Amino acid sequence: MTKEDMKKEIMNILNDIDDSIDYASEEHLIDDHILDSFMIISLVSELEDAFDVRISAADMIASNFNSVDEMADMILHLQK
């Protein structure tokens, strides 16, 4: 799976959680409190299932979840 394909899948997951947010342009989803704690828990679970990765507590930092691009980078790193 390419990074672009991965980003599309992440966008689908995010839109399933809340489709009122423009995830493609947001770069501060955590820092600006756009995603709440319930949304983050749902997101982590969905990402783990979709990409067959385990997101540890150490990975759950704002810089890994502020944008779709950062989430894709984190997943690519976890898949290695």
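User: What makes a pair of side chains a salt bridge, the term used for Lys7 and Asp69?

Analyst: A salt bridge is a side-chain nitrogen of Lys or Arg within 4 Å of a carboxyl oxygen of Asp or Glu. The side chains of Lys7 and Asp69 meet at 3.4 Å, N to O, so the pair satisfies that limit. Lys7 lies in helix α1 and Asp69 in helix α4, so this salt bridge ties together parts that are 62 residues apart in sequence. Helices here are DSSP runs (H or I, at least four residues), numbered from the N terminus.

This is a predicted model, in which local features need pLDDT of at least 70 and side-chain atom pairs count only at pLDDT 80 or more, whereas totals for chains, interfaces and linings use all residues. Residues are numbered from 1 along each chain as its sequence is written, and side-chain values use heavy atoms, with hydrogens and water left out.

User: Which residues are joined into one network by salt bridges that share partners?

Analyst: The network joins Lys3, Glu4, Lys7, Asp69 and Asp73. Among its links, Asp69 meets Lys3 at 2.9 Å, N to O, and Lys7 meets Glu4 at 3.6 Å, N to O. The structure holds five salt bridges.

User: Why is Lys7 called partly exposed?

Analyst: Buried means under 20% relative accessible area and exposed over 50%, with partly exposed in between (1.4 Å probe, protein chains only). Lys7 has a relative accessible area of 21%, so Lys7 counts as partly exposed. Glu4, at 48%, also counts as partly exposed.

User: How do you know that the span of helix α2 agrees with its number of residues?

Analyst: The expected span of a helix is 1.5 Å times one less than its number of residues. For the 15 residues of α2 (residues 37–51) this gives 21 Å, and the end C-alpha atoms are 21 Å apart, so the two agree.

User: What makes the buried residues of α2 lie on the same side?

Analyst: The buried residues of α2 are Met39, Ile40, Leu43, Val44, Leu47, Glu48 and Phe51. They cover an arc of only 165° around the axis, which puts them on the same side of α2; the arc is that of the directions from the helix axis to the C-beta atoms. On the other side, Phe38, Ile41 and Asp49 are exposed.

User: What covers the buried residues of α2?

Analyst: The cover includes α1 (3–17), α3 (62–65) and α4 (68–78), where contact means heavy atoms within 4.5 Å.

Conventions
Helix = DSSP H or I, 4+ residues; strand = E, 2+ residues; numbered from the N terminus.
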